[in-house]
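Hi everyone, thanks for coming. Let me put the model up on the screen, and then I'll walk you through where two chains meet.

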Amino acid sequence: MLEICEVSKRFGDLQVMEGFSLTVPESGFTALVGPSGCGKSTLFDLLTGVVARDGGSIRWKGDEVPDLGSLAAYMQQKDLLLPWLSLFENAMLPARVAGEGDARSDEARALLKHLGLEDFAHYLPGAVSGGMRQRCALVRTLMFGREIVLLDEPLSALDAITRRSLHAVLLLLQTEFRKTLLMITHDVEEALLLADEVIVLSRPPMTVRECFRPKSSKPRRITDPELVRLKEHILSELEAESDAL
Amino acid sequence: MRSKWISFGLVLLILALWEGYCRGFQVPGYILPSPSVILLTTVQRASVLFPHALVTALEIVLGIALSLAIAVPLAITMFAHPAFEEAISPFLVASQSVPVFALAPLLVIWLGYGIASKVLMAAIIIFFPITVSLLEGFKNCGSEYAMLFKLMGAGFWTRLRMLYWPWALPYFFAGLKVGVTVATIGAVIGEWVGSQKGLGYLMIQSNARLKVDMVFAAIVWLSVMGLAMWKLVNILERRIIRWK
């Protein structure tokens, strides 16, 4: 279990978080939704240690850790593939940085194959589609070999059809690779389709406003009456928060 | 392709006007030789020009090598230590605001009439654009990429090797292109001030003897050398930066 306990952060006059707490179940899929500027991405920066927090603690499987820098893989909206490396080489980056190099090349090849990139492994990122690049970024994220995966709007830059195909891939991270997933998204439908828990966040200082746990099993359909009802509820919550910003 | 023909046509037009002016007004060769005379001298006196061109080319190549040996570690150090960058930047800028003509006599006194003073002169001119471009390239790398590498557990040198250096390569080549183009200036000024070989030396000697066609021939050889080096850097850039 990942426990974020009483975390605080202030930027100048803005108190972004004050005593923010959240519990994320191990091997679970948790989605965070909230109004723009509420501090969702700051939370990831604090969790990864990119930005120092003012107070609070983080616990993973019961042990307090300084941050998740060495425990979590991080995937952002931009694929962040290096344009001079092939898809295979990009996927291999975490292994190469860790000095594991060739030892994990079979693993990278297997993952690329799993995500339908086998035939494009030696293409440069500039030569493939946005969806393929994002899938390669997912492979790279898996090659971190970390139990926690932080996803910061990983699909928001993609078109609707590509997003839909990648939803299945994201679900694989949980079901097949048993990762603990924490995803920031602006897309309420996406959150409801993928996550076990959808957390609605408030405006700064950020707090958990409400938590929803859709009961229907995955893969879900957005036409499911429960999801339709939850979507309307969450959107009205978000509207209320945005109005207050 | 069309623009190439326009450039070629423009050059031909200028040369034709020049030729016509020299012939029509019977301008003496020691004032302004015609392009045909310059071309003849350039080709016919190649045996005289070549050994001097070789010396100048060597000075330029060694100047480039020396400037790279200074510029690359300097840019890396400045990038790794912003406080060092802040401290050294004023000196770098000041070094570029001193005219190379002012430095040339001093370098000849300190390093002699041989090749060393010219190599250093070329290096002084080249190292600044390379340092500035490379540093700019390092700084231009997106912070999100740096964060990704940090999360992978990469230290500074790993990030430099795998991320910052390839990222900065297009900037480096932009600086190098400027560098090789202006490198001839440093070498030739050095030769003007004091030397016994090189195209700059040949220009000074020919000018004193009113052999202006030879001065122009040396300029043609210098231009061709500069263009060849610029082209060489371009080829190198295309081979290395395949993703662009």
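How many residue pairs are in polar contact across the interface of chain B and chain A? The rule finds 2 such pairs, both at pLDDT 80 or more; a polar contact here is a pair of N or O atoms within 3.5 Å, where within protein one must be able to donate a hydrogen and the other to accept it, and residues adjacent in sequence count only if both atoms are side-chain atoms.

A word on the ground rules. This is a predicted model, where local features need pLDDT of at least 70 and side-chain atom pairs count only at pLDDT 80 or more, while totals for chains, interfaces and linings use all residues. Residues are numbered from 1 along each chain as its sequence is written, chains are lettered from A in the order in which they are written, and side-chain values use heavy atoms, leaving out hydrogens and water.

Back to the interface. Chain B brings 16 residues and chain A brings 20 to the contact, meaning heavy atoms within 4.5 Å. Together the chains bury about 1,700 Å², with 77% of that on carbon and sulfur atoms; this is the accessible area (1.4 Å probe) that two parts lose on being put together, summed over both.

There is also 1 salt bridge across the interface, defined as a side-chain nitrogen of Lys or Arg within 4 Å of a carboxyl oxygen of Asp or Glu. The partners are B:Glu144 and A:Lys78, at 2.5 Å from N to O. On chain B's side, α7 (143-151) and α8 (156-193) each supply at least two of the touching residues; helices are DSSP runs of H or I, at least four residues, and strands are runs of E, at least two, numbered from the N terminus. The largest share, 6 residues, comes from α7(B).

So let's stay with α7(B). Of its 9 residues, 7 are buried, that is, under 20% relative accessible area (1.4 Å probe, protein chains only). Among them are our salt-bridge residue B:Glu144, plus B:Tyr145 and B:Phe149. What covers the buried residues includes α1, β6, α2 and α4 of chain A, along with α8 of chain B. Just after the helix, B:Gly153 takes a positive phi of about 90°.

One last stop: the largest nonpolar core has 91 residues, being buried Ala, Val, Leu, Ile, Met, Phe, Trp, Tyr and Cys joined through side-chain atoms within 4.5 Å. Its largest share, 14 residues, comes from α8(B).

Terms used
Buried means under 20% relative accessible area, exposed over 50%, partly exposed in between (1.4 Å probe, protein chains only).
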